[in-house]
Amino acid sequence: MEENKQLVELLDYDNPRKAEYQRLVQESEKKQTHYLDRKNSPEIFGESSYDILHTNFDRALGRRFLRGQEDDPNCFANIIKKALKGNILIDLAGTTNLYDLAVNSKANMHIDVNRYFYEPEDFSNPFINLIDRYPYMREDIESSTEHFIVQADALDFVSRLQTGSACFTINGLDGNIINHPDYHKALANEVARATKENGIVFGVFSDSLQYLNGKFSIINPSDISLPIFSKSSNKCKEVKE
């Protein structure tokens with residue numbers, strides 16, 4: 001497939017730690033749990049188990065992130081909408097329901113990034129948009145928010161991003177999926193670098209989020225016990241190895 005010009009322009013950062021990150025990605029692949037593999041999951045959970053688990057997880061996240069009271073500016077949904085408006089939301093360990101959140105927030109772009117979309121290896125390329133292979137993901141949605149689906153490693157993808165270019169959500173990327181603390185620390189560092197000034201990071205069940213403590217300001221929404229990390233220049237510090 002042809003490389004996408006917008007992705008090529010967005011991912012043009014010449015990262016000085018490229019070699020180190022490539023090593024971490026290779027090591028993490030050896031420590032990755034494939035319990036949601038479409039080929040193996042029926043043997044473990046029964047037929048169609050991956051689709052059921054993935055759909056239920058997506059719906060739970062969608063409900064959690066989209067709910068809120070319109071008259072409360074400090075509720076989770078309104079904080080998210082304000083931060084994402086006109087910006088890029090990068091969805092690491094991609095969750096398609098969060099495209100709805102990006103649309104409702106009037107984000108310019110939503111990029112699903114997942115190491116495994118069960119596509120041929122030829123499609124594992126951070127510069128290729130696979131959206132045309134998933135037409136059902138954009139049915140009945142009329143929006144100016146562009147939708148990208150990318151089969152790529154999260155750390156590799158974020159390490160290529162321009163500095164201060166996006167907001168992030170990270171979901172379900174924990175030690176049970178990738179059992180490699182140095183990988184999660186490196187991902188936290190790169191997310192911090194690539195998050196735009198006054199941008200946000202939010203999510204659930206992801207080890208890299210814990211390494212953002214002390215790096216970003218923390219917003220505590222009035223309606224949900226799920227902190228939002230907000231970037232300001234005086235808070236951005238590198239995670240010690």
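Visitor: Which residues is V201 in contact with, leaving aside its neighbours within four places in sequence?
Guide: This is a predicted model, in which local features need pLDDT of at least 70 and side-chain atom pairs count only at pLDDT 80 or more, whereas totals for chains, interfaces and linings use all residues. Residues are numbered from 1 along each chain as its sequence is written, and side-chain values use heavy atoms, with hydrogens and water left out. Taking contact to mean heavy atoms within 4.5 Å, and leaving aside neighbours within four places in sequence, the partners of V201 are F168, I170, V191, T195, L209, L212, F216, I228 and F229.

Visitor: How many residues does the largest nonpolar core have?
Guide: A nonpolar core is a set of buried Ala, Val, Leu, Ile, Met, Phe, Trp, Tyr and Cys residues joined through side-chain atoms within 4.5 Å, where buried means under 20% relative accessible area, exposed over 50% and partly exposed in between, with a 1.4 Å probe and protein chains only. In the largest such core, the residues with the most contacts inside it are I90, L92, I111, F157, L161, F168 and V201, and the number of residues in that core is 41.

Visitor: Which element gives the most to this core?
Guide: Helices (H or I, at least four residues) and strands (E, at least two) are DSSP runs numbered from the N terminus. Two or more residues of the largest core come from each of α1 (5-10), α2, β1, β2, β3, α7, β4 and α8. With a contribution of 7 residues, the element that gives the most is α8.

Visitor: How many residues are in the second, separate core?
Guide: Among the members of this second core are F76, C167, V204 and L226. It is separate from the core described above, and its number of residues is 17.

Visitor: What is the reach of helix α8 from its first C-alpha to its last?
Guide: Helix α8 runs over residues 181-194, which makes 14 residues, and the expected span of a helix is 1.5 Å times one less than its number of residues. The computed reach is close to that expectation, and its value is 20 Å.

Visitor: How many of the residues of α8 are buried?
Guide: The cover over the buried residues of α8 includes α2 (18-30), β1 (88-92), α7 (154-160), β4 (167-171), β5 (200-204) and α9 (207-210). Among the residues of α8 that are buried are charged-letter positions such as K185, E190 and R193, alongside L187 and V191. The helix is mostly covered, the count of buried residues out of 14 being 12.

Visitor: Which residue in β3 stands opposite H110?
Guide: Two strands pair if DSSP finds at least two bridges between them, and strand β2 (residues 109-114) pairs with β3 in the parallel sense over 6 bridges. Strand β3 (residues 146-151) has 5 of its 6 residues buried, so it is largely enclosed by the rest of the structure. Within this pairing, the residue opposite H110 is H147.

Visitor: Is S208 buried or exposed?
Guide: S208 has its place in helix α9 and, not counting residues up to four places away in sequence, touches I170, H184, L187 and A188. Because its relative accessibility is 1%, S208 counts as buried.

Visitor: What is the length of the polar contact that joins the side chains of K196 and N87?
Guide: K196 lies in the loop between α8 and β5 and is partly exposed, with a relative accessible area of 24%. A polar contact is a pair of N or O atoms within 3.5 Å; within protein, one must be able to donate a hydrogen and the other to accept it, and residues adjacent in sequence count only if both atoms are side-chain atoms. Between the side chains of K196 and N87, the length of this contact is 2.7 Å.

Visitor: How far apart are the C-alpha atoms of I79 and I219?
Guide: I79 has its place in helix α5 (residues 76-84) and counts as buried because its relative accessibility is 13%. Not counting residues up to four places away in sequence, I79 touches P73, N74, I219, P221 and I228. Although I79 and I219 are 140 residues apart along the chain, their C-alpha atoms are separated by 8.9 Å.

Visitor: What is the phi of N198?
Guide: Most residues other than glycine have a negative phi. N198 lies in the loop between α8 and β5 and is exposed, with a relative accessible area of 56%. Its phi is positive in a residue other than glycine, with a value near 65°.
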